[in-house]
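The following exercises are to be worked through with the sequence and the model at hand. Each task sentence is followed by a solution in steps.

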Amino acid sequence: CFAAYLRTAAPALGQTGAVVGQVLDAETRQPIQGAQVQVLRGGAGAVGTLSDSQGRFRLQLPVGTYVFVVEYLGYTAQRLDEGGGVAVRAGETTEITVELVSTALQLAGLEVTTRRSGDATKATESPNHVAIVSGDAIERRAAVTPVDHVKALPGVDVSQTGIGSSNVVTRGFNNVFSGALLVLTDNRIAAVPSLRVNAHNMIPANDFDMERIEVLLGPAAALYGPNSASGVMHIITASPIDRTGTKVRLSGGERSDFMGQFRTAYNFGPEGEENFGFKVSGQYMQGNDWEFDDPLEVVERDYGLERWSGEARFDWRPSDNTELIVTGGINNLGSSIEMTGVGSGQARDWRYAFGQARFRTGRFFAQAFLNQSDAGETILLRSGEPIVDKSRLMVAQLQHGFNWGERQDFIYGADFQFTRPRTC
């Protein structure tokens, strides 16, 4: 009797059924070719297949209940396990339809660098090595100055001389009064006019303004023209047309450090176009700087650090390749210890202001800007003598370019710079 039971049970154990299905886009109802169909049973992988050009697939499976998982790049995976799964019956065909919902994928960013004319260039195709700090990375970190965002970049040498003061180079030797690195903010020279020193704590733009920071380690004349033999640090701020809304940040830390930042931006214009934009931003910082006793100083140091800045910007973009931008900003260094070549200086109400107008259409670019510096009541601590600086830098620039064939790219332009130092 037992042998007879085995003979009758064997055919049942070998019985199979078919599962026929189709994979569709949930929104367009179009078939999806190449979707991966995986069959699971008891949590272990069993068998799988791919959908054809019509999104269809067919599987022959032993009798039982199975869980199906359907996946395709760019879509949310679908798992069919309701009621225990899909039942397969002997000699029968089970039909199923799987609808996949498309989803956005966050891939590695394709970072670009821009010439003055505004046309984009892939970082991998740039004639210079470009290291980029993205806007997301900037917003995630509370920084005293833009230098805090580039410290970890390869090839960047930072000499920190105080909580808010530092010097940065990418080629050559660093020192306490370095202006070798060309520092730009939206193509505008950001150095103090007559001294030509990169005072990063006098840049009015705050973290919410910055879209990205590009650092070119080597000579950058191919992209930025003269004065860039020792590299470039370019701070690019976001347009109020593209980045709207209001953001506020308060932060604090050791040495009684406190910082507040804000940015509010709006875009407006004809309905559906919104080609005008306006933004206002500002920041305030205070703290106690590092303490140091210099026996040669005849004036007592004030270790209190205080700084405030503000910036306003107006954008008009009548078309995708044409824009006019007007920007103005001011930074006031109320109190700070600044390193110089003849000992430390006590900055008191050192004010830095600028105005800039930029125009771009196609590959034609023009800009003019004015930087002004007023050292206020700043003095040298070793002598007590005042540091007088009421200098101005006026710049006008034109640039255009064109392609000749597929491999030649020509850029030409004109550059006018006039520095008026006033030190008395």
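**Exercise 1. Determine which residue of β7 stands opposite Gly64, and describe the surroundings of β5.**

Step 1. Gly64 has Val88 in β7 opposite to it. Strands are DSSP runs of E with at least two residues, helices are runs of H or I with at least four, and both are numbered from the N terminus. The model is a predicted one, in which local features need pLDDT of at least 70 and side-chain atom pairs count only at pLDDT 80 or more, while totals for chains, interfaces and linings use all residues. Residues are numbered from 1 along each chain as its sequence is written, and side-chain values use heavy atoms, with hydrogens and water left out.

Step 2. Two strands pair if DSSP finds at least two bridges between them. Strand β5 and strand β7 (residues 86-88) run antiparallel and are joined by three bridges.

Step 3. Strand β6 (residues 78-80) is also antiparallel to β5, again with three bridges. Here Val69 has Arg79 of β6 as its bridge partner.

Step 4. The hairpin of β5 and β6 has six residues between the strands, and Gly74 in this hairpin takes a positive phi near 95°.

Step 5. Buried means under 20% relative accessible area, exposed means over 50%, and partly exposed lies in between (1.4 Å probe, protein chains only). Strand β5 (residues 64-71) is largely enclosed by the rest of the structure, because six of its eight residues are buried.

**Exercise 2. State in what order the five strands of the open sheet are arranged.**

Step 1. The order is β11-β16-β17-β14-β15, with mixed pairing.

Step 2. At the edges are β11 (130-134) and β15 (188-189), each of which pairs on one side only.

Step 3. Within the sheet, β14 (residues 182-185) and β17 pair in the parallel sense over four bridges. Thr185 stands opposite Ile235 in β17.

**Exercise 3. Identify the residues that touch the most other members of the largest nonpolar core.**

Step 1. A nonpolar core is a set of buried Ala, Val, Leu, Ile, Met, Phe, Trp, Tyr and Cys residues joined through side-chain atoms within 4.5 Å. In soluble globular proteins, nonpolar side chains tend to be buried together.

Step 2. The largest core has 19 residues, and those touching the most other members are Val150, Leu153, Val156, Ile213, Val215 and Met233.

Step 3. At least two residues of this core come from each of β11, β16 (210-216) and β17. The strand that gives the most is β16, with three residues.

Step 4. Contact means heavy atoms within 4.5 Å. When residues up to four places away in sequence are not counted, the contacts of Met233 include Pro146, Val150, Leu181 and Ile213.

Step 5. A second, separate core has 18 residues, among them Leu59, Leu61, Leu80 and Val98.

**Exercise 4. Find how many salt bridges there are, and examine three of them.**

Step 1. A salt bridge is a side-chain nitrogen of Lys or Arg within 4 Å of a carboxyl oxygen of Asp or Glu. By this rule there are 20 salt bridges.

Step 2. Arg212 and Glu211 form a salt bridge with an N to O distance of 2.8 Å. Arg212 is buried at 11% relative accessible area, whereas Glu211 is partly exposed at 29%.

Step 3. In the salt bridge of Arg317 with Asp242, the closest N and O atoms are 3.0 Å apart. Arg317 belongs to strand β21 (residues 304-319) and Asp242 to the loop between β17 (232-237) and β18 (245-253), so the pair ties together parts 75 residues apart in sequence. Asp242 is exposed, with 56% relative accessibility.

Step 4. Asp294 and Arg382 meet in a salt bridge of 3.1 Å, N to O. Asp294 lies in the loop between β20 (276-288) and β21, and Arg382 in the loop between β25 (379-380) and β26 (392-404); the pair therefore ties together parts 88 residues apart in sequence. Asp294 is buried at 10% relative accessibility, while Arg382 is partly exposed at 36%.

Step 5. Shared partners join the salt bridges of Asp186, Arg313, Asp315 and Arg358 into one network.
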